[in-house]
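Please open the structure in your viewer and keep the selection tool at hand. We will go from stop to stop, and at each one you will hear what to select and what is there.

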Amino acid sequence: LAIPVIGSLDELPDLIERQRIEEIIFAEPELSSTEIADFLIRARRSTVDVKMVSDLTNLLTQRARVEEFLDVPIVAFEREALLGAQAGVKRVADLVGAAALLVVSSPVLAVAALVAGAGSRRSLFSRGQRVGLAERSFAKWGLREQEPPGALRRYVERHGLSRMPELLNVITGEMSLVGPAPLTASEATGCTARERVRFDARPGVTGLAQVASAAHAVGDGGMALDAYYVQNWSLGGDVRIIMRWWLLCLGGRCARRHEDV
């Protein structure tokens, strides 16, 4: 029985759009899990359902479940977590949370601005270019470096208040309260194909990698944690990260992200 071939694996993401394909099943035993993982990365924002007849080793994401089709076990991959209504829920939570945090932190930031501005014409705030959602560049608000840092500035750093200017980016939709760390252009250029999953989400004021680094030396694993966060996002997970970060800030143990070191 001759089976028509309409394209190669490399062409599959484009074929999904042109042919309006709704479901894909990988049944070729010689396809490596790496090849399938690379396809999932390139087609991750598609609404197509993806299933695979394979073993369960070396899966790219944990958003998968095992089903059976004609007594054959197949792996079904869930769609991107931050699509559709769920992305809307996260955005609403960002707006409400950012507004509340700005109200709480504004008195301390105002005092810090007055102290830093005494005898200086330089603004307390700075704006640095970062790469965010869909690899778009934006200007991230932050506190200007102070040498040597005074007691108030050290307090602001230890308790996470140095992150509060980024709430302006959250309100304008360039950042989220929780997400992967915003990268510089050079850092973004150096990302591997798998690490580019991070650009499916808005960068965060805090994130999984940051709260993990407060307890463990994550090193280069921060990129992997950011990718894991995007692929396995949930509103409950965001709440847990925020609570963990809040406790670290209250204790004066707020970790600095790699971009600021």
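The tour starts with the whole chain and then visits single residues and elements.

**The whole chain**

Before you select anything, keep in mind that this is a predicted model. Colour the chain by secondary structure, and you can look for nine helices and eight strands. The chain has 261 residues, and 39% of them count as buried. Now switch on the surface: its accessible area is about 14600 Å², with 58% of that belonging to carbon and sulfur atoms. How much of the contact within the chain links residues 24 or more positions apart? Among contacts with a separation of 6 or more, such pairs account for 66%.

**Stop 1: an aromatic pair**

Select Phe 125 and Trp 141 and show their side chains; the two form an aromatic pair. The count of such pairs comes to one. Two values describe a pair of aromatic rings: how far apart the centres are and the angle between the planes. Here the centres are 6.5 Å apart and the planes stand at 80°, an edge-to-face arrangement. Which parts of the chain does the pair tie together? Phe 125 belongs to strand β5 (residues 125-131) and Trp 141 to strand β6 (residues 137-143), so the pair links parts that are 16 residues apart in sequence. Neither ring's residue is fully hidden: Phe 125 is partly exposed at 28% relative accessible area, and Trp 141 is partly exposed at 25%.

**Stop 2: along β6 to Phe 138**

Stay in strand β6 and pick Phe 138. Is Phe 138 buried or exposed? Its relative accessibility is 6%, so Phe 138 counts as buried. Show what surrounds Phe 138: leaving out neighbours within four places in sequence, its contacts include Gly 128, Arg 130, Val 131, Pro 182 and Pro 203. Met 175 is another of these contacts. Draw a distance from Phe 138 to Met 175, and the C-alpha atoms come out 9.4 Å apart, although 37 residues separate the two in sequence.

**Stop 3: two residues with positive phi**

Next, select Glu 135, in the loop between β5 and β6. Most residues other than glycine have a negative phi. Glu 135, which is not a glycine, has a positive phi near 60°. Glu 135 is partly exposed, with a relative accessible area of 44%. Then jump to Arg 20, in the loop between α1 (12-19) and β1 (23-26). Arg 20 also has a positive phi, of about 55°, without being a glycine. With a relative accessible area of 72%, Arg 20 is exposed.

**Stop 4: the loop between α4 and α5**

Move to the loop between α4 (151-158) and α5 (167-171), where you will find Glu 166. Glu 166 is buried, at 1% relative accessible area. What does the side chain of Glu 166 make a polar contact with? Its partner is the side chain of Lys 140, at 3.4 Å.

Met 164 is found in the loop between α4 and α5 too. Met 164 is buried, with a relative accessible area of 5%. Not counting residues up to four places away in sequence, Met 164 touches Leu 101, Leu 102, Ser 105, Leu 109 and Trp 245. For Ser 105, which lies 59 residues away along the chain, the C-alpha separation from Met 164 is 7.0 Å.

**Stop 5: helix α9**

Trp 245, touched by Met 164, leads us on to helix α9. Select residues 235-250 to highlight its 16 residues. At 1.5 Å a residue, α9 should span 22 Å, and its end C-alpha atoms are 23 Å apart, which agrees. Colour Gly 237, Asp 238, Ile 241, Trp 245, Leu 248 and Cys 249, the buried residues of α9. Now look down the axis: these buried residues fall within an arc of 110°, so they line one face of the helix. The face turned away from them carries the exposed residues Arg 240, Leu 247 and Leu 250. After α9 comes Gly 252, which has a positive phi near 70°.

**Last stop: Thr 206**

Finish in strand β8 (residues 204-206) by selecting Thr 206. Thr 206 is buried, with a relative accessible area of 1%. Its side chain makes a polar contact with the side chain of Gln 210, at 3.1 Å.

Terms used
Residues are numbered from 1 along each chain as its sequence is written. Side-chain values use heavy atoms; hydrogens and water are left out. Rings of Phe, Tyr and Trp (its six-membered ring) pair if their centres lie within 6.5 Å; planes under 30 degrees apart count as stacked, over 60 as edge-to-face and the rest as tilted. Helices (H or I, at least four residues) and strands (E, at least two) are DSSP runs, numbered from the N terminus. Buried means under 20% relative accessible area, exposed over 50%, partly exposed in between (1.4 Å probe, protein chains only). The expected span of a helix is 1.5 Å times one less than its number of residues. The arc is that of the directions from the helix axis to the C-beta atoms. A polar contact is a pair of N or O atoms within 3.5 Å; within protein, one must be able to donate a hydrogen and the other to accept it, and residues adjacent in sequence count only if both atoms are side-chain atoms. Contact means heavy atoms within 4.5 Å. Accessible areas come from the Shrake-Rupley method with a 1.4 Å probe; for residues, only the protein chains shown count as cover.
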